[in-house]
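Student: I'm new to this one and would like to learn how to read it. Can we go through it together?

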Amino acid sequence: MANDNSKAPIRLEHGKFKTMVVCWILGLGCLFSWNSLLTIGDYYYSLFPRYHPSRVLTLVYQPFAFATTAVLTYKEAKINTRLRNLIGYALFFASTLSLLVLDLATSGKGGAGPYIGICVIVCFIGVASASVQGGMMGELSFMLPELIQSFLAGCAAAGTLTSVLRLLTKAAFEKSDNGLRKGALLFLAISTFITFLCFILYALYFPSLPIVVYYRSKAASEGSKTVSSDLAAAGIQVEANQEVEGNATPQQRLSIKQLFFQNVDYALDLFLIYAMTLSIFPGFIFENTGAHQLGSWYPLVLITMFNTWDFIARYIPLVQCLKIESRKGLMIAVLSCFLLIPAFYFTAKYGDQGWMIILTSFLGISNGYLTVCVLTIAPKGYKGPEQNALGNMLVLCLLNGIFAGVILDWLWLIGHGHF
């Protein structure tokens, strides 16, 4: 029987907004560490000018994120979701703290040693990202679409907040001695605090929220084996819950393969969205947009514009009449976005900074809007365990697209004397 999660019971509606806020914060923590690395790219370019930090770090990050997600997606039906997410948030905190400690230990010096150290830390951030993104999307897929949207908006807010913080720290320390490093260190300290806050929030507060308890109990009654420790954290025994629901025996569910073929267009949508976006952002933004009046502020302004509009666009689907729900309509919209690639090429070659800012903003809008449309529509009509599996599978396709985009991003360097 299909599982309609479009509405929570009336008695739970009063806690819906609070749950959405918590999901937003958890989404923020999911990508804050990675966005921190991207946003202090100007500092790393000053330390490692010959090593293409934005491109190399992204290339290091993605294989670990993709491989971890692939393994966890394959094993999702047997994995302890609570432990998976706790390990992920703990790794985010430890990795961000390690970046801060590494810079302090080396006194902000460049060279191969510190650069390799940063690359190793990035590997752990990739593993953490895979653990949390798939785990949270799988969980939220059998809850409310609004919770998925809030989590995804929080992910985008990580980019916006890190960009704004970086602009503020850069402005605050621009005229001081070693100001670029001081701003980056303050920024990393703030990032460390936020990731620690998210770990505490998920470990102690999220499991006890009424809506979360309700939908986890419902998923358990439909045969899900991934929520037992989550329910135990809220003081609920799965077996007792299943007996109450009259479903003590496990129910049959579609396999990952069956889910994939039923949702291959959604999987392709996410792959293409992120392959296109990451083929431009952030490498092209940092290295291929030329010199303009804004000087060293130019890449930061472009990244801030992308992140801000990506964040805003993730709220557009909340207006029902503006949300694309047609599978064919989504595919047409996604394919149309590939026109941005020649647009960026010719703007970088012939246009001024105003046109580039507009294009970058539109890239953020398309990325955020289409991501929310796909991920909130796809899980509809499935049972809880299937929605969990589908959420994990779609995150895998998303990361596969990111990995492809990271590889394609290097093509911009052809003919520019970098090889």
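Student: Which side chains meet Asp-265 and Arg-327 style, in a salt bridge, and what counts as one?
Tutor: A salt bridge is a side-chain nitrogen of Lys or Arg within 4 Å of a carboxyl oxygen of Asp or Glu. Here Asp-265 and Arg-327 pair up that way, at 2.7 Å from N to O. Asp-265 sits in helix 12 (residues 264–278) and Arg-327 in helix 15 (residues 327–336), so the pair ties together parts 62 residues apart in sequence. This is a predicted model, where local features need pLDDT of at least 70, side-chain atom pairs count only at pLDDT 80 or more, and totals for chains, interfaces and linings use all residues. Residues are numbered from 1 along each chain as its sequence is written, and side-chain values use heavy atoms, leaving out hydrogens and water.

Student: Is Asp-265 buried or exposed?
Tutor: Buried means under 20% relative accessible area, exposed over 50%, and partly exposed in between (1.4 Å probe, protein chains only). Asp-265 has 19%, so it is buried. Arg-327, at 35%, counts as partly exposed.

Student: How many salt bridges does the count come to?
Tutor: The count is six. Among them, Lys-16 bridges to Glu-146, with the closest N and O atoms 3.1 Å apart. Lys-16 lies in helix 1 (residues 16–39) and Glu-146 in helix 6 (residues 145–173), so parts 130 residues apart in sequence are tied together. Both Lys-16 and Glu-146 are buried.

Student: And how many helices does the protein chain have?
Tutor: Helices (H or I, at least four residues) and strands (E, at least two) are DSSP runs, numbered from the N terminus. The protein chain has 18 helices and zero strands.
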